[in-house]
Amino acid sequence: DVGGQCLGAKSRLALRTFCGECVGTFIANIFCLGVIFSTAFAAKTAQGHTLLDTAAGLALPPGAAGGVPPLVPDSAGPMDAPDIPGGKGAVPRGHLYIVFPSDGVFVAMGIAMGYGVALMTCPGNTLNPTFTVAVSVLEKAPWFKIPSAIIGQMLGGVLACATMYCLGSDIFAEGVPHGDGYQWAAMPKTVETAGMFGVPQPNEVFSQTIVVCSTVFFTAFLVLVTLPAFAGRMGDMHPLARPWIIALDIAPYVLATSSLGVQNNAALFVSGLIFCTLAGWPSSLWNGYALIVIIGPLVGALIGVALVVLWASLMIDPKSPLAPPEETADNTNLEDVECSATLPLASH
């Protein structure tokens, strides 16, 4: 019957949406987490091998002249320094380890390009609950696509975290005292290491009010500049170009907001939170910030859709002063014709 056919069509659409979002999010998050792992490992390696002998009076590198940075453990391998508080594994006396900041440009470009590759592999998907809600509201998509997409994104994100943990966590193993020597211990499960799986915590200098406002504002901003590409409303843009236009939007966005505690991709943060909870990370990760990441982007997405609709109406509505001028039958700009007709003739 008709009802059964309709239900079958809805089920197939929901399943197709779920699978596309799951696979696409897995690909995007593998790239994202891989970039985070590589950057953190590079910083760890630099920390372990940037050894300055302060006893010899060597100058500090640029940027460290304002004060002596705190001593940190040697991440290249445990060292025996019993005369330093902390005993074995502490920094040797008379030496200083400097941690150089990682280059956020590579992180932003890696995340953005990975997202573009995932959109190329799974076209027609959004891979982010924020974009899922925004596109669905703008296009008035069937309501059941939203939960199908978000559940698929969460599963893909959790699988990506599990994959990276199984394959890459050993590079962050720690050397711990064992008898007369040392042995490698598993990656510590702390609030700090949860950031390796897309669950960073905001800077403590920001109040929750500021974090909420930043999340809502920048999410709405991202939707405003990205949604036209997602919805295919950018003129005659080739479908193969769409993922890379979106990636070019995301790269500077990540650079601009990474230090402000802004998280608008629940497919990364919440899926990472679920994985960390299942894998034994502390339950303190489920805090007020987690609630902000879940609710804030949804509010920002709705505001962003409203801004997109408003801006489009201002630019398209013939009654709007911002609308492009009409053209005459001979493709002449009507606005130019009216302007030339009202200009005074030049005197000779």
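These questions and answers cover a predicted model of one chain.

Q: How many helices and strands does the secondary structure of the chain come to?
A: Read along the sequence, the pattern is α-β-β-α-α-α-β-β-α-α-α-α-α. The totals are nine helices and four strands.

Q: Among contacts between residues at least 6 apart in sequence, what share joins residues at least 24 apart?
A: The chain has 348 residues, and 39% of them are buried. Of the contacts between residues at least 6 apart, the share that joins residues at least 24 apart is 75%.

Q: Where does UniProt place the feature "transmembrane region"?
A: The record is an unreviewed entry. In the model, residues 209–231 are 96% helix and 0% strand, with end C-alpha atoms 32 Å apart. Residues 243–260 are 83% helix and 0% strand, with end C-alpha atoms 26 Å apart. Including these two spans, UniProt gives residues 209–231, 243–260, 266–282 and 289–314.

Q: Is Thr215 buried or exposed?
A: Thr215 sits in helix H5, residues 208–230. Its relative accessible area is 0%. Buried means under 20%, so Thr215 is buried.

Q: Which backbone oxygen lies 2.8 Å from a polar atom of the Thr215 side chain?
A: Beyond neighbours within four places in sequence, Thr215 is in contact with Gly261, Val262, Gln263, Ile292, Gly296 and Pro297. The backbone oxygen at 2.8 Å from its side chain belongs to Val211.

Q: How many of the 11 residues of H3 are buried?
A: H3 is mostly covered. Its buried residues are Pro129, Thr130, Phe131, Thr132, Val133, Ala134, Val135, Ser136 and Leu138. The count is nine.

Q: Which residue caps the N-terminal end of H3?
A: Just after H3, Lys140 takes a positive phi of about 55°. At the N-terminal end, a side-chain oxygen lies 2.9 Å from the backbone nitrogen of Thr130. That oxygen belongs to the capping residue, Asn128.

Q: Which backbone oxygen does the side chain of Thr130 reach?
A: Thr130 is in helix H3. At 3% relative accessibility, it counts as buried. Leaving aside neighbours within four places in sequence, its contacts are Thr219, Val223, Asn264, Pro297 and Ala301. At 2.5 Å, its side chain reaches the backbone oxygen of Asn264.

Q: Which residues lie nearest the centre of the second largest pocket?
A: This pocket holds about 470 Å³ of space. Its lining counts 23 residues. Helices H1, H2, H3, H4 and H6 each supply at least two of them. Nearest the centre are Pro123, Gly124, Asn125, Thr126 and Phe230.

Q: How do the lining residues of the second largest pocket divide into nonpolar, polar and charged?
A: Gly counts as polar in this division, so Gly124 in the lining falls in the polar group. The division is 12 nonpolar, six polar and five charged.

Q: Is Asp170 buried or exposed?
A: Asp170 lies in the loop between H4 and strand E3. Its relative accessibility is 65%. The cut-off for exposed is over 50%, so Asp170 is exposed.

Q: How far apart in space are Asp170 and Trp184, C-alpha to C-alpha?
A: The two residues are 14 apart in sequence. From C-alpha to C-alpha, the separation in space is 9.0 Å.

Terms used: Residues are numbered from 1 along each chain as its sequence is written. This is a predicted model: local features need pLDDT of at least 70, side-chain atom pairs count only at pLDDT 80 or more; totals for chains, interfaces and linings use all residues. Side-chain values use heavy atoms; hydrogens and water are left out. UniProt positions are given in the numbering used here, feature names are shortened, and annotations may be inferred rather than shown by experiment. Helices (H or I, at least four residues) and strands (E, at least two) are DSSP runs, numbered from the N terminus. On a 1 Å grid over the protein atoms alone, a cavity is a set of points where a 1.4 Å probe fits but cannot get out, and a pocket is an open set with protein on both sides within 12 Å along at least five of seven lines; lining residues have an atom within 4 Å of a point. Grid points are joined across faces, edges and corners, and a volume is the space filled by probe spheres set on the points. Buried means under 20% relative accessible area, exposed over 50%, partly exposed in between (1.4 Å probe, protein chains only). A polar contact is a pair of N or O atoms within 3.5 Å; within protein, one must be able to donate a hydrogen and the other to accept it, and residues adjacent in sequence count only if both atoms are side-chain atoms. Contact means heavy atoms within 4.5 Å.
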